[in-house]
Structures are given as C-alpha cells and as structure tokens.
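Biologist: Could you walk me through this model? I am new to reading structures.

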Amino acid sequence: MIIVFALFLLTLLVITALAIVQTTNLFVAVMLTSIFSLLMASNFFILDAADVALTEAAVGAGITTVIFLAALMLTTEHEKPHLSRRKLNTVVITILASLIIYATFDKPRLGDPDAPVHQHLAPWYLEKTPEYMDFPNVVTAILGSFRGYDTLGEVFVVFAACIGVLFILGVKPPEGSTYNPYRSGLKHHLIPQVVGRLLIPFLVLFGLYVQFHGEYSPGGGFQAGALIASAIILYALLEGEAAALRAVPRSVLLGLVIGGATLYGGVGVVCILMGGNFLEYTVLLDNPVAAQQTGIILIEAGVGMAVCGALLSIFHAFAARPMRV
Amino acid sequence: MYLVVSIAILVTMILALVRALRGPTVYDRVLAVNMFGTKTVLLLAVIAFLFGRPDFLDLALAYALINLVGVLAVLEFIQNKPRKAETSNID
C-alpha cells in the first residue's frame, strides 16, 4: 500500500526532475522546482518522516521559491546555450548511474527490520529517549541532545552561508540602478491584501507552536524559523520591502543570526562551567530529565533564531539588488 | 473510502502536473503549481487518516499556509519583471 503510493509519487518526481533539466526557461524551472519540492515532501510524509516533510514544506515549497524568484529578478529569464562536451558527459553519467544501480542490489528491502541501521543505534535511541528526556518525539531528542554537536555544526553552517551571501550581494549597487526600495509590492491588489494580512498573525503563531511543541509533535527550531521568516516575507510581498525592513530592521536580523548561534554555543559552554561535558545538559538543573528538556528548548530557540534571521537576511540581500530587465 | 479519495487526488495531481509541464503561458503554469500545492495539502490530510495518524494534520496546515506565500511571490515577480512576450515559448 505505502509502496504503491511512494512509487507513484517517485515516478512523478522523476518526470518533474527531467523536465527541470530539459527546460531552458528559468522561470519554468523555478515553478517545476516548487512542484518537485511538494512531491518530495509528500514522499517523506508517506515514509513516516514527518519532521523532514515539515522542513521540506517550510523551506522547499515556500522560501526556496521566493529566493529563486528574487535571484531570477537579477538575471535574464532564458538559460544561455552552453557548449558542452555532450559525449563525455553522457559517458560519465552512464558509468556513475550503473554503479549506483549496481550498489542498490546490496541494499536491504524498504522497511526491513533486519537492516543494519535498525540493529545498532536506533533501538538504543528509542529505548533511552523516554528515560532521559521524557517526551515522545525521538527525532527532537536525537537532534537536540544525542547528536547535539551535529546540530551545532548545522547552525554554524547556516551562519556561514548567511555571511557568504551578504558578502557577495551586500556590495553597493552600481550607479543609476533601477532599485527602488519603496516598490509597492502587491499593495494595490485588494484580495491578496485582505487575505494575506489576515494570515500573517496565524503564520507567526503556527511558527511559535512548531518551535515550542517540537518535543511532542513534528517540528522544532529549523521549521519554526522558516515559518516565521515566511510570515515576514509575506508582509514584504504585500506592503513592499521597505515596510518589512521598517518592521524588522537589518540590524535585528543580523542580531538574530549571531544571537542564535551564540545561544547554542553558550549553552554548551555553560554545561562545561557547571561541571559536565560540552552540550551535556544533565548538569544544568538538579533533575536530569528537566535539565535535558531545558537544554533542548534553549538550543532549539537558538536554531530558530539563527535560521529565521539568516533566511530573511538572504531574502533582503537579493531584494536590494537592482533588477535586470 | 479514504483510499478512493486519495486515488482521485493522485489523478488530479497528474492532470495539474501535465498542465505545468506543457504550459504554454506563464499563467497556466502558475495556476497548475497552485493547484498542485492544494492537492498536496488534501493528499496529506487524507493519507494521515488512511494511515491512522491524524495528529500529522499539522503538516497539511503548514503546507496550506506556505503555499499561499509562494504563489503571492510568483505573482509579485510577474507584476514587477517586464516580460518580453506574454506567452513564453517553451517545449
């Protein structure tokens, strides 16, 4: 049953991917990427990976589309014809694809309980999460505590990516450019105005719910940051970019990115100062279970702040460049 | 019952995908993407009940909210970027 659904959606996924490669119109490619992301998210959902599906929805379907379109504003719509060594490309791709297909013969069946991945660590995580953390979402437990180092690395990668984009796009635009920060957005369209304005508070509320309910249901800092960022992007689309910058200035965004990364690292350092290892939350409070929960809530807040600030900084960096006609 | 509904939604998804792939105008594709998003929301909701996990409805909610932001971004893009020809000549 699940297999049939998954196969069906994967087939559509392959068709969409081929169409993205085929088309030379970049706008069409962006539209199809949005569909690709929705299909991918449905697949994750069917395979019971709700946290990943939520991330794919919040980042892939929403914010990636917005950032792709913002990038498309700065360039031309049609891909330039490129002179490539087609024969060599085909040979390399054929060899690699057959290697990958050959490798899949050794792969365990989908959902096989005897697969090596289900033998070693996963049972331990499932067994110990209720004991150490006392909440049901094992994914949050793994991300926040068991593998807290990896998540710290991810936050620093987001931080570095944000700085990299600002370095490249943040330079002063050339003289006589057409950028107008008071561009009206969709201000003169009544229906998007009314519906969109109504939706912004609910989007923020849902983001906060995902942030603070991450221990009990799918979600966590990353998804929440993306949801709140998309609420502010919605405001920017409706009221124009200048209004969004008035509401949440650039300094606040950079503060969020830096503050989020620092908060995460700071929790780790506090753990050391209180006599534990780096990111060993059990020493934070007298009760080890409550301490684990506090630590996870703190670092999730750091993740949410960093992701929200980074996504919005990148969006504004793109929007501030002159449009290419 | 849920099964029949989900198959019907999958068929609709194919139709939307065909329109998104074939175009020909920009607006065909925008509408197709929007409709595809709506069908994804419905599919997730129905499958959540089919598999007996109604607590995953959160996800469908997130999709419904995010989809609107994406479509509004596309509309703003089309409004602001001057287009050479209204019908783009793809495929």
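Modeller: What follows is a short talk about one helix, one interface and one residue. This is a predicted model, in which local features need pLDDT of at least 70 and side-chain atom pairs count only at pLDDT 80 or more, while totals for chains, interfaces and linings use all residues. Residues are numbered from 1 along each chain as its sequence is written, chains are lettered from A and ligands numbered from 1 in the order in which they are written, and side-chain values use heavy atoms, with hydrogens and water left out.

Biologist: How many residues does α3 of chain B have?

Modeller: Helix α3 (residues 57-80) of chain B has 24 residues and reaches 36 Å from its first C-alpha to its last, close to the 34 Å expected at 1.5 Å a residue. Helices here are DSSP runs of H or I with at least four residues, numbered from the N terminus, and the expected span is 1.5 Å times one less than the number of residues.

Biologist: Why is α3(B) largely enclosed?

Modeller: Because 18 of its 24 residues are buried, α3(B) is largely enclosed by the rest of the structure; buried means under 20% relative accessible area (1.4 Å probe, protein chains only).

Biologist: And how many residues of chain B are in contact with chain A?

Modeller: On chain B, 46 residues are in contact with 59 residues of chain A, where contact means heavy atoms within 4.5 Å.

Biologist: New topic: where is A:Ser37?

Modeller: A:Ser37 lies in helix α2 (residues 26-46) of chain A, and A:Ser37 is buried, with a relative accessible area of 5%.

Technical notes: Helix = DSSP H or I, 4+ residues; strand = E, 2+ residues; numbered from the N terminus. Buried < 20%, exposed > 50% of the residue type's maximum accessible area, 1.4 Å probe, protein only.
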